[in-house]
Number of protein chains: 2
Amino acid sequence: MHAHAHHTRPDFAEAAQNALLDGFTLRELAKGYLLSTPACPRNQVLMVQSGRLRVYLADDNRELNLSFLEAGDIYTTHTPTYVEAVVPSSIWLIETPVFARKLATDPSVTPVMMRVMGRLLSNAVGLIEDLAFREVPARLARFLWQLAERRGHRLEHGWLVPLDFSMQDIASLLGTTRQSVSSLINQWEREGILQRQGRRSLLVPSLDTLKARGAPLP
Amino acid sequence: MHAHAHHTRPDFAEAAQNALLDGFTLRELAKGYLLSTPACPRNQVLMVQSGRLRVYLADDNRELNLSFLEAGDIYTTHTPTYVEAVVPSSIWLIETPVFARKLATDPSVTPVMMRVMGRLLSNAVGLIEDLAFREVPARLARFLWQLAERRGHRLEHGWLVPLDFSMQDIASLLGTTRQSVSSLINQWEREGILQRQGRRSLLVPSLDTLKARGAPLP
DNA sequence: CGCTGTCCGTCGGCCAGCCGACGTTTTGCC
DNA sequence: GGCAAAACGTCGGCTGGCCGACGGACAGCG
């Protein structure tokens, strides 16, 4: 749900066709650069060309990742969040007023934007459901099998899932702590639900047993 | 934040001017009517003419209110939620495909929709912040003073705040339980932070002391 | 005016999971 | 290779607040 929005690739293609990017400017961001904060809400629309941005909320002693943006993803800072480049990145950027004029003159842009905002909204609602209804093991299980389904490669032994997030990243994405994620993953490894495969990937023998962790009762 | 979106009134006025409602049909809903569920995602856009609708998420044994819609509020079921009339209501309704055509032909509608979705997104993010960062007393305090600021009437003794929600409603809005809300309100009454005034309103002597409950440490 | 349904107040047990702490392993960098 | 910094594993204490339970207060209705 709130893992990646890399299914925006179609939009990217469409955007290129429609010359959506007219008026956007290309910017290079250094690692760690804070593009936007709630305090300074520079309203803008952006599309990631390369790299990885982290969208997150924060209070004094905690952070919650809303999502990670990667190549092709579109985002708009309509909402008071932090946006930070976690690796050197390059993005297409436009200020909202300029974009609004574009919207007014070129109606073909509208459906793209509606879809982008719809997706942001779905992500947000999904996260709310997680926080309000599901407990940590269920959230983690869901995160993992969604990752497997969209990023994983099928092998004879099961699914090989690339995992280029730190435990802390995952924890923040799920609204929990590093310790809880770590414990759960190790416990599941002992139970044979998954195996560590090198440092940056997992092997999941059966997605179904993993999914079973997402729905305790039935 | 996620209390009411009744500040959509300006949109309503604007909508009337632009004849936004062309193509919408007026519908009367009986109390308790379920307009939409996640299972049957009838994509539609609606504007409330009168009454009150409840937008909520649910799992098997819990419900979470996302917001209450009242006269003038606009909503779109882009996202898998329940929408229910809690009192007899009448609303303007349009199916998304029809609305999309409208958007394509009349670009003046676009900014209105963008603002509506932006507001939904802000609500959602606010709720996420609450669930992830703040504990129950802080959420309740914030809910109450926001209600006071937008609905309350200034008296010599303090603010008179109409409270036409049940404890259960408030609890669901804040992602907590009836019991917790009840305990807190009564405790605060004992502490003199607020007084019950009749059955359906509160008297808050000082909003600031109430707000103090929203930020424990400093 | 009793009856029934809805709402409110309060108590106590219980537990998920946060938090601090500390040691170990990996990674990145000179 | 060697060192600092980051990331990971694990343990135990502590607690916010959920949950069930039960009784009282209102309100509507026949």
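## Close-up views of a protein–DNA model

**Figure 1. Val136(B) and the phosphates of DNA strand D.** In this view, a backbone N or O atom of Val136(B) is placed 3.0 Å from a phosphate oxygen of DNA strand D. Two elements of chain A, helix 5 (167–174) and helix 6 (178–190), and two of chain B, helix 4 (136–151) and helix 6 (178–191), are those that give two or more residues to the surface near this strand. The model shown here and in the following figures is predicted. Helix 6 of chain A provides the largest share of the surface near DNA strand D, namely five residues.

**Figure 2. Side chains of chain A at the phosphates of DNA strand D.** Ser182(A) has a side-chain N or O atom 3.0 Å from a phosphate oxygen of DNA strand D. For Arg196(A), a polar side-chain atom is likewise found 3.0 Å from a phosphate oxygen of DNA strand D.

**Figure 3. The residues around DNA strand D.** There are 19 residues around this strand, and those that come nearest are Met167(A), Ser182(A), Arg196(A), Glu135(B) and Thr176(B). Among the atoms of DNA strand D that come within 4 Å of the protein, 68% are accounted for by sugar and phosphate. What kinds of residue form the surface near DNA strand D? This surface consists of three nonpolar, nine polar and seven charged residues.

**Figure 4. The residues around DNA strand C.** DNA strand C also has 19 residues around it; Glu135(A), Val136(A), Thr176(A), Arg178(B) and Arg196(B) come nearest. Sugar or phosphate supplies 70% of the atoms of DNA strand C within 4 Å of the protein, and bases supply the rest. At least two residues of the surface near DNA strand C come from each of helix 4 (136–151) of chain A, helix 6 of chain A and helix 6 of chain B. Which helix gives the largest share of the surface near DNA strand C? Helix 6 of chain B does, with five residues. By type, the residues near DNA strand C are three nonpolar, eight polar and eight charged.

**Figure 5. Polar atoms of chain A beside DNA strand C.** An N or O atom in the side chain of Thr177(A) is 3.0 Å from a phosphate oxygen of DNA strand C. Ser180(A) places a polar side-chain atom 3.1 Å from a phosphate oxygen of that strand. Gln179(A), in turn, has a polar side-chain atom 3.4 Å from a base oxygen of DNA strand C.

**Figure 6. Ser36(A) in strand 2 of chain A.** Strand 2 of chain A covers residues 34–36 and contains Ser36(A). Is Ser36(A) buried or exposed? Its relative accessible area is 4%, under the 20% limit, and therefore Ser36(A) counts as buried. Apart from neighbours within four places in sequence, the residues in contact with Ser36(A) are Gln44(A), Thr77(A), Thr81(A), Tyr82(A) and Val83(A).

**Figure 7. Glu84(B) in strand 7 of chain B.** Glu84(B) belongs to strand 7 of chain B, which comprises residues 82–85. The relative accessibility of Glu84(B) is 16%, so this residue counts as buried. Glu84(B) and Leu34(B) are 50 residues apart in sequence, yet their C-alpha atoms are 4.4 Å apart in space. Leu34(B) is one of the residues that Glu84(B) touches beyond four places in sequence; the others are Gly32(B), Tyr33(B), Arg52(B), Leu53(B), Arg54(B) and Tyr56(B).

**Figure 8. Gln197(B) in a loop of chain B.** Gln197(B) is located in the loop that runs between strand 11 (195–196) and strand 12 (201–204) of chain B. At a relative accessible area of 35%, Gln197(B) is partly exposed. Leaving out residues up to four places away in sequence, Gln197(B) touches Leu160(B), Leu202(B) and Leu203(B). A distance of 9.0 Å separates the C-alpha atoms of Gln197(B) and Val161(B), which are 36 residues apart along the chain.

**Figure 9. Confidence along chain A.** Chain A contains seven helices and twelve strands, and 50% of its 218 residues are buried. The mean pLDDT of chain A is 87, with 89% of its residues at 70 or more. Of the elements of this chain, helix 5 has the highest mean pLDDT, 97, and helix 1 (residues 9–17) the lowest, 52. Over residues 1–8 of chain A, pLDDT stays under 50, and the model has 34 contacts beyond four places in sequence for these residues. Where pLDDT is low, predicted coordinates should not be read in detail.

Key: Residues are numbered from 1 along each chain as its sequence is written. Chains are lettered from A and ligands numbered from 1 in the order in which they are written. This is a predicted model: local features need pLDDT of at least 70, side-chain atom pairs count only at pLDDT 80 or more; totals for chains, interfaces and linings use all residues. Side-chain values use heavy atoms; hydrogens and water are left out. A residue is near a molecule or strand if one of its heavy atoms lies within 4 Å of it. A polar contact is a pair of N or O atoms within 3.5 Å; within protein, one must be able to donate a hydrogen and the other to accept it, and residues adjacent in sequence count only if both atoms are side-chain atoms. Helices (H or I, at least four residues) and strands (E, at least two) are DSSP runs, numbered from the N terminus. Ala, Val, Leu, Ile, Met, Phe, Trp, Tyr, Cys and Pro count as nonpolar, Asp, Glu, Lys and Arg as charged, and the others, Gly among them, as polar. Buried means under 20% relative accessible area, exposed over 50%, partly exposed in between (1.4 Å probe, protein chains only). pLDDT is the predictor's confidence in each residue, from 0 to 100. Contact means heavy atoms within 4.5 Å.
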